[in-house]
Amino acid sequence: MTTAMNIIQGHSPALIVVTFLLFSYLMPVLDSWKKNWCATLAIAAHVLALFFTGILAWQVFTTGTVTYHMGNWPPPWGIEFVIDYLAIFMLTTITVVSLLILIFATKDLGHELKAQVSSWYYTLYLLLVGAMIGLAITNDFFNMFVFMEIAAISACGIIAIKEDKECVEASFKYLILSAVGTGCVLLSVAMLYMVTGHLNFTFAAEALVPALELYPNNILVALALFSAGFIVKAALFPLHVWLPDAHSSAPSPSSAILSGLVIKIYAYAYLKLLLKVFPGDIFSMVPIYDMILILASLSIFFGSLFAIVQEDIKRMLAFSSIAQIGYVFLGIGLANQAGLTGGILHIFNHALMKAMLFLSAGAIIYCTGIRNIDQLKGIGAKMPLVMGVFAVGAMSMVGIPTTNGFISKLYLALGTLDAGKPFYLGVILVSSFLNVIYYFPIVINAFFGEPGEEPENDIPVKKLPLEMSIPLVILAAGILFFGIFPRHMLILVERAVAIF
Amino acid sequence: MTDIALKLFDNMYYLVSMVLFIIGFHTMLTHSNLIKKVIGMNVMDTAVFLFFVSTGYVAGGVAPIIEPGVEQTYINPLPTALILTGIVVAVSVTAFALALIVKLYHHYGTIDAEEIMRIRSTE
Amino acid sequence: MERTTSILPVFAALFPMVMTFAIYYVQKESPKLRNNLSVLTSIITFISVAAMYPIIAEGKIIVFELFEVLPDMGVVGTFRVDVLSFCLALVASFVWMLATIFSVDYMSHEHAQNRYYPTLIFTLGACIGIFVVGDLFSFFIFFELMSVISYVLVVHEESVEALKAGYKYIVMTIIGGLSLLLGVINTYEISGSVSLDQIGLITEPSGLALATFIAFLIGFGMKAGMFPLHVWLPDAHPVAPAPASALLSGVMLKTGAYGLIRVFYNVFTPEFLQETGWITIVTVLAVITILLGSAVALTQYDLKRRLAYSSIGQMGYILLGLSLFTHTALVGAVFHIFSHAFMKGCLFLCAGAIIVKTGQRDIRELSGIGLKMPVTMIAFTTAALAMIGIPPLNGFLSKWNLALGSLEAGAPVFVIVLLISSLLNGLYYLPIIISAFFGTEAQEKKFTFDEVPFKMLMPITILALLCLVFGVSPINLPFNLSKMVADMLLGGGI
């Protein structure tokens with residue numbers, strides 16, 4: 001028993017990834033044997049992962065950073081996993097949010113997908129989550145590339161699985177642009193490997209300091225390719241073109257996880273590499289932070305602007321994601337304590353908010369079949385729970401106090417002033433106002449709109465199953481909880497920021 | 001002039017891989033034929049692989065199969081090994097992309113991106 | 001000043017918020033229980049605020065630290081009640097209590113009461129919270145909560161008109177809120193503290209300091225209906241149900257005024273604002289607000305709209321009194337916060353009673369109403385006369401002090417402004433009264449007594465009586481409190 005515990009404790013970084021991969025490949029096997037076990041097992045995989053995350057968190061909080069060497073090969077040769085506070089933050093965010101989305105999916109999928117592919121959906125879903133977890137904890141360039149590709153293929157998979165025209169087309173577009181992104185990243189990795197001879201982040205970072213003197217152009221090109229690759233993946237303006245189609249046409253749980261987590265994991269990886277691997281001197285050679293700030297502001301501004309004119313609720317949410325990822329990059333670009341805290345915290349906060357908003361949009365579509373914003377008039381009376389949590393999400397998006405969106409915006413705002421760039425404070429405030437323009441009318445129409453006489457308002461409303469309402473309520477409660485008691489999350493994030 | 005030419009010749013692999021990368025990138029983004037986009041993607045991937053593998057090449061080196069007692073220069077095997085994985089990944093992405101193209105053809109009856117856009121806008 | 005600790009402020013702010021959920025759940029069982037519970041909550045809140053009086057009267061300040069919300073950000077989650085906070089909380093909870101009692105019968109013929117009562121009580125908690133917290137962050141949080149939640153009260157009727165007004169309200173509120181946030185963040189950036197327990201957080205003139213001042217002015221001015229940010233007010237106040245209008249005009253406008261007091265006296269200092277001359281902006285805007293509010297009210301024939309414009313004018317008095325920085329003017333301004341809450345609360349409730357009985361909102365149709373509803377109209381008359389500033393009433397006392405304060409400040413021009421606006425007040429209030437009692441229909445009609453129920457009359461009567469009592473009584477609690485406030489703020493006794 002104790003040996004089993006030791007194995008679990010010692011190997012939990014690998015086990016957490018292996019769990020997802022293993023369960024993922026079990027799904028097609030189970031499909032032909034016990035079909036109704038798939039959903040339960042997928043949830044079981046998440047619970048196991050949560051357990052390992054808990055162990056890792058406990059280890060990090062008691063003994064500091066945990067490192068794990070794959071196959072016991074020490075770092076310069078073998079693949080290394082590093083779990084620090086930042087990784088713990090990401091792991092918790094991913095496992096908790098994806099578990100909630102999965103619980104929602106178990107009911108929603110039957111309505112959106114053909115019956116014979118639903119177990120394949122779990123395969124792809126678990127692969128995606130496993131790849132994200134791998135991305136969060138890996139400390140190796142090539143390993144990162146492999147996880148990025150796994151994540152890209154499975155992400156395209158959970159879009160295209162719906163098999164209607166829009167989904168397949170969106171998925172193809174995503175696949176091509178994502179291939180461009182990973183291509184750029186791989187080329188950049190090759191260039192870094194050329195000058196450093198290392199694939200491990202830590203060793204590469206050490207070797208890059210002297211290498212910058214010798215081969216500055218090489219490293220600059222690598223940085224440029226690298227930034228371009230991750231910006232495509234994270235859908236920052238102007239490389240966001242794939243996102244609105246992909247996130248709006250996909251099944252609702254897919255949209256939730258894509259908008260809530262997948263784009264964030266690339267922002268996280270970019271942040272980690274930018275601050276930990278590239279030598280500090282490079283930032284005096286190119287104004288990369290200023291470029292990020294400008295792109296982030298454009299992203300915030302145009303994302304909100306496009307969102308205002310959308311008629312489809314999921315498309316609107318997708319454009320809003322572009323704006324919100326801008327906040328995360330804004331935090332990266334500010335590169336000071338408060339700004340980074342705000343940016344990283346927004347990864348978590350926005351994961352909760354956007355997952356919840358997409359799921360509630362999914363619940364509306366499930367119950368009524370309505371996607372058009374104009375037809376949502378008076379829906380609040382029929383579906384008070386769904387529109388209630390939607391209202392909470394909308395308020396959090398705007399940054400009303402007592403919701404978690406306020407806390408991250410507050411820290412970002414402090415960061416802009418600390419950095420002496422009050423212009424970006426204006427960007428934050430203006431974008432909050434733009435959020436009001438596209439979120440509040442939906443809520444207002446839903447609750448206070450005159451129920452019109454048009455026949456489509458009389459469509460029957462299906463009852464929302466418990467499996468779909470529970471994740472919504474938990475996410476909404478989380479938004480309010482972390483808005484009122486942000487203390488512990490902030491402490492975690494501030495420790496995470498301290499490593500930079 | 002000859003200097004530069006010589007230098008370029010020395011780094012021919014890098015030069016060629018960059019040219020290939022740009023060709024692939026250009027094909028991928030400008031052609032409206034979806035199959036050509038996938039071909040462009042493959043060319044781009046190949047360029048990256050060539051680049052990566054050539055970073056491990058040592059002039060005059062041989063494959064690192066160690067014979068006891070023979071003193072030889074070996075090439076760096078690590079990039080080669082990595083690129084093996086990279087090729088597998090590229091193949092699977094290609095397969096997936098082609099499968100999606102088949103689906104698109106079923107839905108729209110064409111594999112031209114502009115044509116598909118036109119059909120979508122008229123719907 | 002001496003500090004002491006007490007749980008009362010926390011209780012007063014959080015108790016209504018907690019009770020909101022109770023009210024929400026009992027309403028499924030019985031509407032009567034819901035109504036009684038709402039009234040009870042508002043009464044308990046008022047009592048718990050009033051219970052702070054002995055401590056405040058001794059000149060102590062109540063400080064209570066709840067918990068640290070944001071680490072490394074200084075004090076957050078602190079409660080702090082000085083005499084100014086106490087005044088505002090007292091008047092807010094008192095008027096709220098009466099409005100809640102009034103609601104029981106007024107709302108009985110309205111739809112969606114299950115939404116109305118929880119919102120009303122929650123807003124009470126947020127409003128008290130604004131007054132009793134001890135730092136700008138908590139202040140901002142409660143301010144936003146109150147502003148956003150009271151949207152539900154504004155659009156209660158759900159008519160197209162109400163929705164339009166509500167949209168204007170929410171957009172302006174968010175703009176104001178963001179501007180306020182900007183001010184708070186700037187303050188934190190400049191001084192490293194947002195505590196209201198200090199004086200003069202910003203004492204160095206700089207671009208950022210000016211931006212902070214403007215941001216606060218926009219944020220609070222929006223709420224207080226200051227020109228040119230008043231545009232939402234005449235639309236939003238009349239469309240709400242009468243008790244909600246009474247609270248919006250009588251109480252919630254004052255949160256803006258309270259915020260400005262804190263900005264002028266805590267964040268900045270009077271000396272600093274006078275030296276830099278920034279305060280002139282406020283003075284000029286206040287004068288425009290007074291004249292504009294009173295003048296536009298004349299052109300309105302909807303009773304509640306006329307009252308709403310009158311509120312804008314009255315808020316101008318308060319802003320003017322605040323911006324003069326003399327003792328007497330400050331006493332006048334703070335006393336006018338009391339007076340206006342009673343007067344305007346009374347007037348809006350009377351308007352509500354009239355609408356219930358006659359369904360009439362047009363002033364020209366109210367002829368002879370005084371014979372039908374004598375008690376309501378006598379109360380209306382009292383409050384309206386106080387509004388004009390007729391001597392024995394409380395409105396006179398505040399205007400008198402404001403006028404004396406302007407003279408003290410060496411600016412007799414403001415006395416003329418006050419006189420003109422009083423004249424305008426007379427012009428738009430007196431015709432209503434005259435036609436109600438002596439209109440053409442009054443001569444034809446017999447005396448037909450048809451009053452609203454007791455639960456509606458009682459709040460109206462109490463408010464009208466208070467207008468009279470606080471004008472003539474030698475033991476004048478609000479006036480004494482106003483003096484204490486002025487002593488504290490100008491004496492630097494924070």
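Contact here means heavy atoms within 4.5 Å. The model is predicted, so that local features need pLDDT of at least 70 and side-chain atom pairs count only at pLDDT 80 or more, while totals for chains, interfaces and linings use all residues. Residues are numbered from 1 along each chain as its sequence is written, chains are lettered from A and ligands numbered from 1 in the order in which they are written, and side-chain values use heavy atoms, with hydrogens and water left out.

**Exercise 1. Describe the interface of chain C and chain A.**

Step 1. Begin with the residues involved: chain C contributes 31 residues to the contact and chain A contributes 33 residues.

Step 2. Turn to the area. Buried area is the accessible area (1.4 Å probe) that two parts lose on being put together, summed over both; for chain C and chain A this comes to about 2800 Å², of which 79% lies on carbon and sulfur atoms.

Step 3. Look for polar links. A salt bridge is a side-chain nitrogen of Lys or Arg within 4 Å of a carboxyl oxygen of Asp or Glu, and between chain C and chain A the count is 0 salt bridges. A polar contact is a pair of N or O atoms within 3.5 Å, where within protein one must be able to donate a hydrogen and the other to accept it, and residues adjacent in sequence count only if both atoms are side-chain atoms; the count between chain C and chain A is likewise 0 residue pairs in polar contact, with both residues required to be at pLDDT 80 or more.

Step 4. Assign the chain C side to its elements. Helices (H or I, at least four residues) and strands (E, at least two) are DSSP runs, numbered from the N terminus. Helix H6 (136-154) and helix H7 (160-191) of chain C each supply at least two residues of the side that touches chain A, and H7(C) gives the largest share, 13 residues.

Step 5. Classify those residues. Ala, Val, Leu, Ile, Met, Phe, Trp, Tyr, Cys and Pro count as nonpolar, Asp, Glu, Lys and Arg as charged, and the others, Gly among them, as polar; on this basis the side of chain C that touches chain A divides into 24 nonpolar, 1 polar and 6 charged residues.

**Exercise 2. Describe the interface of chain A and chain B, and place it among the pairs of chains.**

Step 1. Among the 2 pairs of chains that touch, chains A and B have the most contacts, whereas chain B and chain C do not touch, their nearest C-alpha atoms being 34 Å apart.

Step 2. The contact takes 30 residues from chain A and 35 residues from chain B, and the two chains bury about 3100 Å² between them, with 82% of it on carbon and sulfur atoms.

Step 3. Across this interface there is 1 salt bridge, in which Arg120(B) is joined to Glu169(A) with the closest N and O atoms 2.5 Å apart. There are also 2 residue pairs in polar contact, both residues of each being at pLDDT 80 or more.

Step 4. On the side of chain A that touches chain B, helix H5 (141-160) and helix H6 (165-196) of chain A each supply at least two residues, and the largest share, 19 residues, comes from H6(A). The residues of that side divide into 21 nonpolar, 3 polar and 6 charged.

**Exercise 3. Work out the strand order and pairing in the sheet of chain C.**

Step 1. Two strands pair if DSSP finds at least two bridges between them. Strand S1 (residues 3-4) and strand S2 (residues 61-65) of chain C run parallel and are joined by 2 bridges, with Ile61(C) in S2(C) as the bridge partner of Arg3(C).

Step 2. S2(C) and strand S3 (residues 78-81) of chain C run antiparallel and are joined by 4 bridges; here Phe64(C) has Phe79(C) in S3(C) as its bridge partner.

Step 3. The result is an open sheet of 3 strands in chain C, with the order S1-S2-S3 and mixed pairing. S1 and S3 of chain C stand at the edges with a single partner strand each, so one side of each is left without a neighbour in the sheet.

**Exercise 4. Determine the surroundings of Thr376(C).**

Step 1. Thr376(C) lies in helix H16 (residues 374-388) of chain C.

Step 2. Buried means under 20% relative accessible area, exposed over 50%, and partly exposed in between (1.4 Å probe, protein chains only); Thr376(C), with a relative accessible area of 0%, is therefore buried.

Step 3. Not counting residues up to four places away in sequence, Thr376(C) touches Cys350(C), Ala353(C), Glu451(C), Val452(C), Leu457(C) and Ile460(C).
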